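Here are my notes on the structure you asked about. Please read them with the sequence and the picture side by side.

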Amino acid sequence: MEINQLLTYEQPTAYIVTNDEYSTDTTLIPVLTANKGFVLGYTDEDFSIYQKGECIIFDDFTMDAKYVSFPFKVKSSAIKILTAKPNVNLRFMFEYLSYLELKSEEHKRHYISEIASLVVELPSKEMQNKIASLMASLDNKLALEENTKVKYEDEKQYQLSQMFI
């Protein structure tokens with residue numbers, strides 16, 4: 001099946017932040033981008049927030065994708081908001097898009113012209129769920145290990161600072 005038969009896309013126009021002077025206050029609404037930065041900052045704008053549940057944000061120019069499970073606003077109209085159609089596991093589709101390692105050398109909109117028509121061999125819903133669950137578990141483990149690494153690095157810096165006072 002083609003990706004456009006598995007995912008619905010929405011233009012983000014309704015969710016674009018009006019003020020791009022962001023806060024660092026994490027209690028506010030995150031402003032997202034699909035590239036490496038992901039969270040650009042936070043806004044106190046309490047209107048036009050994407051609150052429809054889990055989605056994939058896909059940067060139409062860079063073809064970067066992020067899985068999002070919380071309310072947000074976006075900075076740019078270059079993002080497509082992707083959601084799963086019935087009998088499609090969104091997390092599975094996110095992992096599939098990640099597996100494709102989509103890259104572009106051209107600054108153009110890619111989703112409709114190239115990505116939406118890609119053919120995907122979709123396994124059963126049960127298998128999609130198993131794959132999605134495994135990938136989510138691995139991501140959780142990676143995050144845990146990254147946190148542990150940061151704590152050890154902090155401990156090392158502390159020890160060094162104590163030794164070389």
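1. A residue is called buried here if its relative accessible area is under 20%, and exposed if that area is over 50%. By this rule, 32% of the 165 residues of the chain count as buried. Keep in mind throughout that the model is predicted.

2. Start with the whole chain. The C-alpha atoms fill a box of roughly 65 × 40 × 30 Å, taken along the principal axes. The accessible surface comes to about 10300 Å², and carbon and sulfur atoms account for 53% of that surface. If you take the contacts between residues at least 6 apart in sequence, 70% of them join residues at least 24 apart.

3. Next, the order of the elements. The chain has seven strands and three helices. Read from the N terminus, the order is β-β-β-β-β-β-β-α-α-α.

4. One open sheet has four strands, in the order β1-β7-β4-β5, with antiparallel pairing. Its edge strands are β1 and β5 (65–68), and each of these pairs on one side only. On average, neighbouring strands of this sheet are turned by 30° against each other, direction ignored.

5. Which strands are joined to β7 by four bridges? Strand β1 (residues 7–10) is joined to β7 (residues 79–84) in this way, and the two run antiparallel. Within that pair, T8 stands opposite T83, and E10 has I81 as its bridge partner. Strand β4 (residues 55–59) is also antiparallel to β7 and joined to it by four bridges. There, D59 stands opposite I79.

6. Another open sheet has three strands, in the order β3-β2-β6, and its pairing is mixed. Strands β3 (39–43) and β6 (73–74) stand at the edges with a single partner strand each, so one side of each is left without a neighbour in the sheet. Strand β2 (residues 29–32) pairs with β3 in the antiparallel sense over four bridges. In this pairing, L32 stands opposite V39.

7. A general remark before the cores: in soluble globular proteins, nonpolar side chains tend to be buried together. In this model, the largest nonpolar core has 18 residues, and I3, L7, M93 and Y111 are those with the most contacts inside it. The elements that give two or more residues to this core are β4, α1 (90–99) and α2 (111–115). Helix α1 supplies the largest share, five residues. A second, separate core has twelve residues, including F38, Y50, I79 and I81.

8. Y111 deserves a look of its own. What is Y111 in contact with, leaving aside its neighbours within four places in sequence? The list is I3, L7, Y9, F58, D60, K80, L82 and A116. Two of these names, I3 and L7, also appear with Y111 among the core residues with the most contacts.

9. Why is helix α1 described as largely enclosed by the rest of the structure? Seven of its ten residues are buried, so the description follows from that count. The buried residues of α1 are L90, R91, F92, M93, F94, E95 and L97. At the start of this helix, a side-chain oxygen of N89 reaches to within 2.9 Å of the backbone nitrogen of R91.

10. Consider E95, which lies in helix α1. Is E95 buried or exposed? Its relative accessible area is 15%, so E95 is buried, the cut-off being under 20%. Apart from its neighbours within four places in sequence, E95 is in contact with M135 and D139. E95 and A132 are 37 residues apart in sequence, and their C-alpha atoms are 7.5 Å apart in space.

11. The last residue to check is Q128, found in helix α3 (residues 125–163). Q128 has 1% relative accessibility and therefore counts as buried. Leaving aside neighbours within four places in sequence, Q128 is in contact with N87, V88, N89, F92, L122 and P123. Among these, F92 is one of the buried residues of α1, and N89 is the residue whose side-chain oxygen reaches towards the backbone nitrogen of R91.

Note on methods. Residues are numbered from 1 along each chain as its sequence is written. This is a predicted model: local features need pLDDT of at least 70, side-chain atom pairs count only at pLDDT 80 or more; totals for chains, interfaces and linings use all residues. Side-chain values use heavy atoms; hydrogens and water are left out. Two strands pair if DSSP finds at least two bridges between them. Axes are lines fitted to C-alpha atoms, for helices over the stretch in contact, and angles run from 0 to 180 degrees between N-to-C directions. A nonpolar core is a set of buried Ala, Val, Leu, Ile, Met, Phe, Trp, Tyr and Cys residues joined through side-chain atoms within 4.5 Å. Buried means under 20% relative accessible area, exposed over 50%, partly exposed in between (1.4 Å probe, protein chains only). Contact means heavy atoms within 4.5 Å. A polar contact is a pair of N or O atoms within 3.5 Å; within protein, one must be able to donate a hydrogen and the other to accept it, and residues adjacent in sequence count only if both atoms are side-chain atoms. Accessible areas come from the Shrake-Rupley method with a 1.4 Å probe; for residues, only the protein chains shown count as cover.
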